[in-house]
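Q: Got a minute to go through this one with me? I'd like to talk it over piece by piece.

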Amino acid sequence: MTDETQDALVATGGEPITESFDPTVGDEGGAAPSGPSLGDLFGGLSTRLVRGDLIFAFGIMLILVTLILPMPRWLLDVSLALSITFSVLVMMNVLFIGRALEFSSFPTILLVATMLRLALNLASTRLILTQGHEGTGAAGQVIEAFGGFIMGNNFIVGLIVFSILVIVNFVVITRGSGRIAEVAARFSLDAMPGKQMAIDADLSSGLIDEVEARTRRKLLEDESSFFGAMDGASKFVRGDAVAGLLIVFINLIAGIIIGVGQRDMSFAEATATFTALTIGDGLVSQIPALIVSTAAGLLVSKSGVTGSTDKAFFGQLSGYPKALGMASFLMAALALLPGVPMLPFFLLAAGTGTLAFYARRNADRRATETEERERTAVEAAPEEEPIATALALDELRLELGYGLLPLINDTRGYRLTDQIKALRRQLASEVGFVMPSVRILDNMQLAANTYVVRVKEAEAGYGDLRPNHLLIMDPRGEPITLSGEDTTEPTFGLPAMWVDESVREEASFRGYTVVDPATVITTHLTEVIKDNMADLLSYAETQKLLDDLPKEQQKLVTDLIPAQISMSGVQRVLQNLLAERISIRDLPTILEGIAEASGYTNNITLITEHVRARLARQISSANMSDSGYVPMVTLSPTWEQSFAESIVGQGDERQLSMAPTRLQEFIQALRQSYDRFAQEGESPILLTSPAIRPYVRSIVERFRPQTVVLSQNEIHPKAKIKTLAQI
């Protein structure tokens with residue numbers, strides 16, 4: 001394709017995919033666990049047996065009843081096993097969730113677990129104090145097993161182990177997790193206004209839609225509520241630890257008193273029995289409490305980490321091979337110290353060193369894979385057009401329906417692209433105007449045989465063609481006697497007819513004008529360009545015309561611009577000439593006229609009129625008839641005086657101010673005269689005095705733009721003239 005035409009690519013796309021943020025999505029960028037959750041299982045069970053809310057209410061009532069009524073040993077064993085299982089289940093859920101908000105019911109679960117342990121503590125206390133004299137199995141087998149296994153038949157060891165568990169739970173885990181929850185709740189509440197403003201800003205800028213904004217606001221509210229609830233729930237764990245410590249102290253002292261004072265036991269026997277029972281009970285309650293406290297600490301310390309706990313823990317801990325290597329080196333150095341057992345430290349050094357090696361290799365592999373994916377994505381992704389392409393404006397555009405596309409590559413005749421190329425050269429030689437490149441597009445929204453000519457993307461003309469047919473017109477204006485489809489010629493609006501190509505010779509023999517579809521488009525494009533040459537002559541084109549002048553003319557340009565007139569002033573003068581279809585090919589003469597006129601005026605209109613007088617030979621020759629004379633219609637002295645008296649203002653503000661009724665009389669008289677000459681086959685010019693010519697032209701171009709209006713200074717002295725009439 002030549003530089004005058006460009007191909008258009010029509011791209012079709014699917015519907016856009018809108019991604020929304022889902023707070024229930026799991027880690028690793030995937031979906032939430034696909035298996036059934038506890039809520040699903042209990043929900044399915046409740047649909048078969050009874051409503052789930054009734055089951056939960058019944059369970060809470062049982063916990064409260066346990067605080068009042070005694071509990072048999074077998075039921076206490078089952079309940080203690082249930083408490084341990086429940087705490088382990090809570091811990092496992094915390095370990096495997098992706099984000100903290102996925103376990104937003106944790107504060108409620110923590111309260112229920114605390115109530116269950118306190119109720120079981122009270123039930124076991126009742127059994128220990130009432131039946132403790134019977135032996136270490138008085139409170140059930142679970143308490144007896146824990147007491148015997150942990151103490152190892154030494155109640156002092158049991159007391160120490162129990163005390164350490166309480167200290168770890170109360171002082172370390174509970175205090176730390178409570179502080180984290182408190183700070184997280186405070187920061188979450190403080191940051192809420194800023195986060196809400198950020199969401200509103202993204203919504204206003206169009207980055208997210210209303211559904212996405214609503215989802216983010218809900219997530220923000222849930223986050224603030226969760227950390228606020230966790231701040232309060234941490235007090236449950238601390239109170240549970242304190243209550244467990246007091247219950248152990250009460251069971252131990254009260255049990256010894258009851259055993260010695262009421263059950264006739266010796267002090268040593270009472271101390272051994274009630275200590276075993278008390279320590280076993282304390283361990284059975286504190287171990288689940290420690291598990292739940294650890295789960296609470298893991299949950300609140302997870303903060304913004306996404307993914308299950310093992311991925312967050314091992315993934316980040318082993319993410320730095322240098323750290324593992326330094327740890328391995330330190331373990332090996334410790335193994336060489338005197339008195340330090342060599343084997344365990346060497347084993348640890350070898351293990352951490354191996355981990356460092358594999359971590360480094362995995363890091364290199366991931367880096368290579370990431371680079372490969374990024375390179376593939378860049379190669380596969382279509383190159384995004386710069387924003388400047390969206391701002392670019394087509395000076396000339398020809399849009400064709402799909403039925404006219406064969407005209408571009410028609411091998412049987414003169415191709416449309418070749419005709420446009422020839423048109424560009426023709427305009428340059430006739431008018432001195434370099435036509436911009438024409439962009440040819442196939443517009444699927446147009447009818448199959450329709451074309452549209454656009455100037456700066458605004459429609460300037462259109463037509464409907466018949467491919468493989470010929471358009472014939474009678475230059476005499478008489479009806480066409482051949483058979484075909486009557487139509488109107490799209491360029492000048494003349495009567496015409498589409499006929500088959502087989503009647504070309506007959507049409508030519510009868511004197512009809514015969515043109516093919518490509519020529520129809522080219523002719524229409526030519527007239528559109530001539531009508532819009534002034535708009536198409538840009539500042540850059542003006543500069544290019546001046547730069548292309550011969551070397552001997554460059555001195556004139558240097559002296560003229562910008563000393564006497566600016567480049568935009570020269571552009572306006574050229575545009576005024578092109579607006580009346582006066583050739584600017586004789587650019588040196590035009591520049592000389594501008595230099596002469598700019599010596600006494602800066603008015604672009606007056607400068608243009610002076611340049612037109614310098615181009616009198618060219619203008620007269622262009623309007624000469626075939627008979628060798630310039631046909632003209634003159635204005636009467638009355639109209640000359642009327643126009644001269646109607647011009648008001650000074651300098652650049654001069655304008656025509658004639659009464660509307662008077663203007664209507666002038667238009668009516670001019671139209672009648674020129675309609676008569678058109679019937680006679682004449683196209684005379686309208687001759688006026690130089691002072692009023694621009695103002696008369698501004699009136700005439702509104703209803704007869706094809707009429708040429710000249711001043712007396714624009715008629716060359718040697719030109720033959722013929723006055724046909726007077727207005």
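Q: Where is Pro 562 found?

A: Pro 562 sits in the loop between helix 18 (554-560) and helix 19 (567-579). Keep in mind that this is a predicted model.

Q: OK, and what kind of peptide bond joins Ile 561 and Pro 562?

A: A cis one, with omega at about 5°.

Q: Let's zoom out. How many helices and strands does the chain come to?

A: The count is 25 helices and 14 strands. The chain has 727 residues, and 39% of them count as buried.

Q: How much area does the chain expose?

A: About 40,600 Å², with carbon and sulfur atoms supplying 59% of that.

Q: And what share of the contacts comes from residues 24 or more positions apart?

A: They make up 74% of the contacts in the chain with a separation of 6 or more.

Q: Switching to sheets. In what order do the strands go in the open sheet with strand 9?

A: That sheet has 4 strands in the order 13-12-9-14, and the pairing is parallel.

Q: Which ones are the edge strands?

A: Strand 13 (709-711) and strand 14 (721-726), each of which pairs on one side only. On average, neighbouring strands in this sheet are turned by 40° against each other, ignoring direction.

Q: How many bridges do strand 9 and strand 14 pair over?

A: They pair over 5 bridges in the parallel sense, strand 9 being residues 630-634. Within that pairing, Val 630 stands opposite Ile 721 of strand 14.

Q: Which strands does helix 25 lie across?

A: Helix 25 (residues 693-703) lies across strand 12 (685-688) and strand 13. Against strand 13, helix 25 runs at about 175°.

Q: New topic: what's the phi of Lys 456?

A: Phi there is positive, about 50°, although Lys 456 is not a glycine. Lys 456 is in the loop between strand 3 (450-455) and strand 4 (458-464).

Q: What about Glu 457, what's its phi?

A: Glu 457 also isn't a glycine, and its phi is positive too, near 65°. Glu 457 is placed in the loop between strand 3 and strand 4 as well.

Q: Why does Lys 456 count as partly exposed?

A: Because its relative accessibility is 35%, and partly exposed covers what lies between the buried cut-off of under 20% and the exposed cut-off of over 50%.

Q: And why does Glu 457 count as partly exposed?

A: Because its relative accessibility is 33%.

Conventions:
Residues are numbered from 1 along each chain as its sequence is written. This is a predicted model: local features need pLDDT of at least 70, side-chain atom pairs count only at pLDDT 80 or more; totals for chains, interfaces and linings use all residues. Side-chain values use heavy atoms; hydrogens and water are left out. Two strands pair if DSSP finds at least two bridges between them. Helices (H or I, at least four residues) and strands (E, at least two) are DSSP runs, numbered from the N terminus. Axes are lines fitted to C-alpha atoms, for helices over the stretch in contact, and angles run from 0 to 180 degrees between N-to-C directions. Contact means heavy atoms within 4.5 Å. Buried means under 20% relative accessible area, exposed over 50%, partly exposed in between (1.4 Å probe, protein chains only). Accessible areas come from the Shrake-Rupley method with a 1.4 Å probe; for residues, only the protein chains shown count as cover.
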